Amino acid sequence: MMTERELVERLAAIGWKGSRAVLLGPGDDAAVLRGGFTISTDIAVEGVHFRFDWVSAEEAGFRAGAAALSDLAAMGAVPLALLVSLAVPGDADHVTALDLQRGVRCAGERVAVAIVGGDVSRSPGPVVLDVVVVGKATGYVSRAGAEPAQHLWVSGSLGGARAAVRAWSAGKAPDPAARIRFAAPPNRIALGSALAGRGIARSMIDLSDGLILDAGRIAAMSGARICIRPHRVPVDPCAGGDLNLALVGGEDYELMFTANPGAEPSILDLGQELSVPLTRIGMVEAGTGVVLEDERGLRTDAGDAGFDHFATPLPDGPR
């Protein structure tokens, strides 16, 4: 069975043959066209990314919109517009579709952009929601700029969204703060734009599938090794101190980036300016893959821990 990464690589090989109009093609958080126009798409499937006994339709729409916009933040782009495609059961009264659209609209309003179009279809099964985001970057940041000696940073705190999923999957009501982390991902557009525009971030990604797995994506694209120091990783208080949720849980939609060592004062100043905690959690080295280093300097191979749509499902519910 193919992994998600293998499937994406094969699909990209079929679809991408190069274009003079494109500065950056498949393989990153978004594609970048000449002129800096930045485009990405993000799909949300009922029962995989959300459940209506966990969140309302409007919350599901907001979450889908925020997740798609997070891809632009990871490129350092400023959003310009949204497009929304919906597939909903034909025997419904369409209230679900209207509420999903309202949710995406609210996510757009948070960053001052509107929905400019989309598509709608009947679905024989689950609700499917696809959000296309269009933005512009004056100087984009890709996943491929990590180099040895750079520091690894992360915004916010991690593990809260997965703590909510774990509670729901156990038949319990999640901590209210964890529920908010799942239903309302943070807005990091201003942070991503500043990190790119000020030349601070050398590589960047949004954390959708877990810290370790997404660090591996930067490592693979950059041809470098990422060393994560778990004792420095900021665990969300609503995750109950569970470091594993922060390392592999995913769906935090925070930004992870690498920067030159001399940029630390500027990074800390930016965090204060935007009221966003920014934490140095590791470094970039020569080599490949991702390693974890404890406080004594002992290292272990991190492997590929994280969420893969086509691997064995995680035991604590849909993703």
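Is Arg280 buried, partly exposed or exposed? In this predicted model, Arg280 comes out as partly exposed, because its relative accessibility is 25%, and buried would call for a value under 20%. Its salt-bridge partner is Glu264, with N and O 3.5 Å apart. Arg280 belongs to strand E11 (residues 278-285) and Glu264 to helix H9 (residues 264-274), so this pair links parts of the chain that are 16 residues apart in sequence. Glu264 is partly exposed too, at 24% relative accessible area.

Both of these residues turn up again around His151. This histidine sits in strand E7 (residues 151-155) and, with a relative accessible area of 15%, it is buried. Leaving aside residues up to four places away in sequence, His151 touches Glu264 and Arg280, along with Phe257, Thr258, Ala259, Pro261, Gly282 and Met283.

Now for the sheet. Six strands make up an open, mixed sheet, in the order E1-E2-E3-E6-E4-E5. Its edges are strand E1 (22-24) and strand E5 (115-122); each has a single partner strand, so one side of each goes without a neighbour in the sheet. From one strand to the next, the twist averages 25°.

Strands of a sheet pair through backbone hydrogen bonds, in either a parallel or an antiparallel sense. Both senses can be picked out here. Strand E3 (residues 37-45) runs antiparallel to strand E6 (residues 128-136), and nine bridges join them; Ile43, for instance, has Asp130 as its bridge partner in E6. E4 and E5, on the other hand, are parallel and share seven bridges, with Leu86 partnered by Val120 in E5. How many of the eight residues of E5 are buried? The count is zero, and E5 is hardly covered.

Two helices pack across this sheet. Helix H2 (residues 57-75) lies across E1, strand E2 (31-33), E3, strand E4 (78-88) and E6, and runs at about 35° to E6. Helix H3 (residues 95-110) lies across E4, E5 and E6, at about 170° to E4.

What about the nonpolar interior? In soluble globular proteins, nonpolar side chains tend to be buried together. The largest nonpolar core in this model has 56 residues, and the ones with the most contacts inside it are Val55, Leu129, Val131, Phe182, Leu195, Phe257 and Ile267. H2 is the biggest contributor to this core, giving eight residues. A separate core of 24 residues includes Val154, Leu158, Ile205 and Met256.

Leu129 gives a good idea of the surroundings in the 56-residue core. Not counting residues up to four places away in sequence, Leu129 touches Asp42, Ile43 and Ala44, then Ala60, Gly61 and Ala64, then Val84, Ser85 and Leu86, and finally Leu100 and Val104.

Phe182, another of the core residues with the most contacts, leads over to helix H5. The buried residues of H5 are Ala178, Arg181, Phe182 and Ala183, and their cover includes H2 and helix H4 (160-169). At the start of H5, a side-chain oxygen of Asp175 comes to within 2.7 Å of the backbone nitrogen of Ala177.

Arg181 brings the charged residues back in. Side chains of opposite charge can pair when their charged atoms come close, and the structure holds 21 salt bridges. Arg181 is part of a salt-bridge network that also takes in Arg188, Asp236, Asp252 and Glu254. Within that network, Arg188 and Glu254 pair up with their closest N and O atoms 2.7 Å apart. Why does this pair tie together distant parts of the sequence? Arg188 lies in the loop between helix H5 (176-183) and helix H6 (189-197), while Glu254 lies in the loop between helix H8 (243-248) and strand E10 (255-259), so the parts they join are 66 residues apart in sequence. Arg188 and Glu254 are both buried.

A further salt bridge combines two levels of exposure. Glu293 and Arg299 meet at 2.8 Å, N to O. Glu293 is buried, with 12% relative accessible area, whereas Arg299 is partly exposed, at 38%.

Definitions and conventions:
Residues numbered from 1 in each chain as written. Predicted model: local features only at pLDDT ≥ 70, side-chain atom pairs only at ≥ 80, totals over all residues. Heavy atoms only, no water. Pairing = 2+ DSSP bridges. Helix = DSSP H or I, 4+ residues; strand = E, 2+ residues; numbered from the N terminus. Axes fitted to C-alpha atoms, helices over the stretch in contact; angles between N-to-C directions. Contact = heavy atoms within 4.5 Å. Salt bridge = Lys/Arg side-chain N within 4 Å of Asp/Glu carboxyl O. Buried < 20%, exposed > 50% of the residue type's maximum accessible area, 1.4 Å probe, protein only. Polar contact = N/O pair within 3.5 Å; in protein donor to acceptor, adjacent residues only side chain to side chain. Core = buried A, V, L, I, M, F, W, Y, C linked by side-chain atoms within 4.5 Å.
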